[in-house]
Structures are given as structure tokens and as C-alpha cells.
Amino acid sequence: MPRQRRNGRESMRLVSPLLKRVVYPGLSKAGYLRHVVQTAPTVLTYHGVLPAEYKVVDPKLDGNLVSLKSFRDQLQFLQDRYNIISPKEFLHWCQGSCELPARSVLLTCDDGLRNCFYDMLALLQEFEIQCLFFVTGASLSQAPTMLWYEQLYLMILAAHEDFTIELAETGERFQVSRSTKHSAWWELVKKLSQYDPERRKRLLETIRMQLGLGENWDAKYTEDPALSRRFLLLNRSELKQLAASGACIGAHTLSHPLLSQSSAEVAWNEISESKLALDRLLGQETWALAYPFGGSTSVTLREIEMAERAGFRAAFMNVVEGPPGVSNFSLPRVHVTADMSLADLEARISGFHRSLRRLFASASLRAVESNA
């Protein structure tokens, strides 16, 4: 099966330009995609928007956020062609207490970056659309902070020469060159996800010093208005204002680790304490959880069981293909990225893109079996 999935993904990657530029636009224009019947509402996940005056720092880092123009165009497109439902309606559907209209779509947004409040919210209110925002435990503090893995990425980018990172606590050594920065970053994300937030913070400080970066290396990200809205997380006051606007708030764990790499104790604390802390701050039930990173390698059956045991009523992946047997605690989502056109978005909402992936995976499996 792993080989099948790899072959299927490779096949999709090769034909993807043709699909995005020719096939999906043609099907969308003909109206075919919006008439594909979905048995369940489609859930979209955003990771925020890029402030109008922001200049892209790194395509890989910023590719998860959409421009303000794209976000406006997508909201108009969805409002014209689909039935956008509220988080409360989605919860009632999960509990089996209501039916939803055909082509229902729920909007969600992960991470709780400041642009959610200062840039996204105004557009959502203009279109009278509700969104389910998932925030980390960092937003319970008044001090402005970054997502730790983005902070790590920015530190690695700031080191222009080849370098070595040594983690004395783990006995590990990472040789990093210009061409291996991204892969080294991801390996470090997996390693640092093993630890609780305080220990991870100490290790990040060790890495900063080894890279020769000053204590205020990140000052521009807090002082520049556009950079701060792109990289800083909502603080306690901003989160309370977002909730007061009528937005629904969900949990995104305490510190956004790769949960599958964490010990059972750390993973349970990340999931359960994030709910309790938000319940206390906002004075209401936090019913939804979004798993950090949210892919099949970052979420296992262990985390799914923990989400249910912690008292959540629903938990979301960040992909359309999660662990076997979709339940209310492994709900799939369509991840909206910066390079996604409206036709590409509609192909994913309709499930057509997923069907093609399965078709290519099945064809790859048959080819493997015939050559066995």
C-alpha cells in the first residue's frame, strides 16, 4: 500500500499541470463540478491571509496563506455556487440533529495568526460568513509569539552559510547546506515535537546561538506591521475580541507539535489542556479540535482516541484522506493554498480531485501487481 500511494501521488504530480490548467477549468465552466453530489459537507481549511503590503519571505513558508484578493474571490465564488454553513450548523449535523442542504461548505482557519483578526475578519463580516478559527495555547498569553516551527524556519533562513546544529540533550548533529535547509528543518520539527513546550523552547534557544543570531534577530517580525500580522499569533486580548465578534473558536493544541512524534503524556497534555484553557478563557465549551499539521503521518489512532476522551465533539484533519474509517474525530478537510485557482478549488470541493487520486493509486497498484 505505501508503494501504491507513492506511485499514485507521482502519477498525479505529473498530470497535475494539465488538470489545473485545462481539465478543471473546462469542467468548472461547464457546470459539471458543482453538480457532483457530496454525501457530507466539505470543510475548507485556511491558514490565514497575506496582508496587502506583505512581501513573500519564502514560497514554501508562505504558500499556505492566500492573498486578500484570492480570499475575496473565493468567498464570492463559494457564496454564489455553494451553501456556506455555520460552525454551529456543522456541529448539529455531526450530532445527527439536523440535515444540511446539498453542496454545503464549512470554512475553518488554523493557527490563529494576527491576520485572522486584522485582515480576514472584515471580509468574512462583509460576506456575512462565519468561520471556525483554531488557535494554539500561545494565544492565551498577552505576549506576542510565533509558531515555534515557523520561528525555526526563519532562523534557518537567516543563516546564510552552511552550518551544523548539535542538540547535546539528544546527542544528534545536523549538517545543513543551502540545498538541504528545508529537509533539515523538517527533521528538526520531528525531533523537537517529542518535547514539551518549555524544553522545546530551550532547544530553540540553543539552535539560535549555534546559528550566531543575536537575541533580537526577530525584532523586525514584531515591529513591522505587515510582518507582525503575517507571523505573530493572536494574543489574549485579540483572541477575546475575535470571540466577541461572534467567531467560533476551536483548539489547535497548546503548542502545535507533530503529535505522532510526541510521547503519550505530552500528546495528551497538548490536546486536553488546550480545551480546558480555552473553556476557562472564553467561558464556553470548546467543541472542536484541529490536529497540528493534520496529515496521515502526524495523526494516528492514538491522537484520535485522545481527542474524543478529552471531551471534544469533533476533530479535524488537514487532508482529505485520513486514517481508515472517517469519524467525527478524523474529519477530512480541503487545504486551500496560495496557488489554488477557483477551478482547482471547485474540483477539490466536489471530490473530483480525490476521485482522480484514488483512480491513479488503483492503476498504480494494478501495474505493480502485473509486474510482480
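In this predicted model, helix α3 (residues 68-81) and helix α5 (residues 114-127) bring their axes within 11 Å of each other and cross at roughly 25°. An angle under 35 degrees counts as roughly parallel, so that is the label for α3 against α5. The handedness of this crossing is right-handed. On the α3 side, the contact uses L68, F71, R72, L75, Q76 and Q79, and α5 answers with D119, M120, L123, L124, E126 and F127. Sort those residues by type and you get seven nonpolar, two polar and three charged.

What about α3 and helix α14 (residues 342-349)? Here the axes come within 11 Å and cross at roughly 50°, which makes α3 oblique to α14. This crossing is right-handed too. From α3, the residues involved are D73, Q74, F77, L78 and R81; from α14, they are L342, L345, E346 and I349. The split by type is five nonpolar, one polar and three charged.

Now for the rings. With ring centres within 6.5 Å as the cut-off, the model has 16 aromatic pairs. Two of them are set out here.

| Pair | Centre distance | Plane angle | Class |
|---|---|---|---|
| Y24 and F352 | 6.2 Å | 80° | edge-to-face |
| Y221 and F231 | 5.2 Å | 80° | edge-to-face |

Why do both count as edge-to-face? Plane angles over 60 degrees get that name, and the planes of Y24 and F352 stand at 80°, as do those of Y221 and F231.

The Y24 and F352 pair links parts of the chain that are 328 residues apart in sequence, because Y24 sits in helix α1 (residues 2-30) and F352 in helix α15 (residues 352-370). Y24 has 1% relative accessibility, so it counts as buried. The Y221 and F231 pair works over a sequence separation of ten residues, since Y221 belongs to helix α9 (residues 219-223) and F231 to helix α10 (residues 225-231). Both Y221 and F231 are buried.

There is also an aromatic cluster, made up of W148, Y149, Y153, W185, W186 and F293. Some of these names turn up again in helix α6 (residues 148-158), which is mostly covered, with eight of its eleven residues buried. Which residues of α6 are buried? They are W148, Y149, E150, L152, Y153, L154, M155 and I156. The cover over them comes from several elements, including α2 (59-62), β7 (163-167), α7 (181-192), α8 (197-210), α9 and α10. So α9 and α10, the helices that hold Y221 and F231, also help to cover α6.

One last stop is a loop residue. L259 is found between β9 (248-251) and α12 (264-282). Is L259 buried or exposed? Its relative accessibility is 0%, so it counts as buried. Setting aside neighbours within four places in sequence, L259 is in contact with T253, A267, E270, I271, Y291, P292, S298, R302 and E303. If you want a distance to check on screen, take the C-alpha atoms of L259 and G311: they lie 18 Å apart in space, with the two positions 52 residues apart in sequence terms.

Conventions: Residues are numbered from 1 along each chain as its sequence is written. This is a predicted model: local features need pLDDT of at least 70, side-chain atom pairs count only at pLDDT 80 or more; totals for chains, interfaces and linings use all residues. Side-chain values use heavy atoms; hydrogens and water are left out. Axes are lines fitted to C-alpha atoms, for helices over the stretch in contact, and angles run from 0 to 180 degrees between N-to-C directions. Helices (H or I, at least four residues) and strands (E, at least two) are DSSP runs, numbered from the N terminus. Angles under 35 degrees count as roughly parallel, over 145 as roughly antiparallel, 65 to 115 as roughly perpendicular and the rest as oblique. A crossing is left-handed if the near helix is turned anticlockwise from the far one by less than a right angle, and right-handed if clockwise. Contact means heavy atoms within 4.5 Å. Ala, Val, Leu, Ile, Met, Phe, Trp, Tyr, Cys and Pro count as nonpolar, Asp, Glu, Lys and Arg as charged, and the others, Gly among them, as polar. Rings of Phe, Tyr and Trp (its six-membered ring) pair if their centres lie within 6.5 Å; planes under 30 degrees apart count as stacked, over 60 as edge-to-face and the rest as tilted. Buried means under 20% relative accessible area, exposed over 50%, partly exposed in between (1.4 Å probe, protein chains only).
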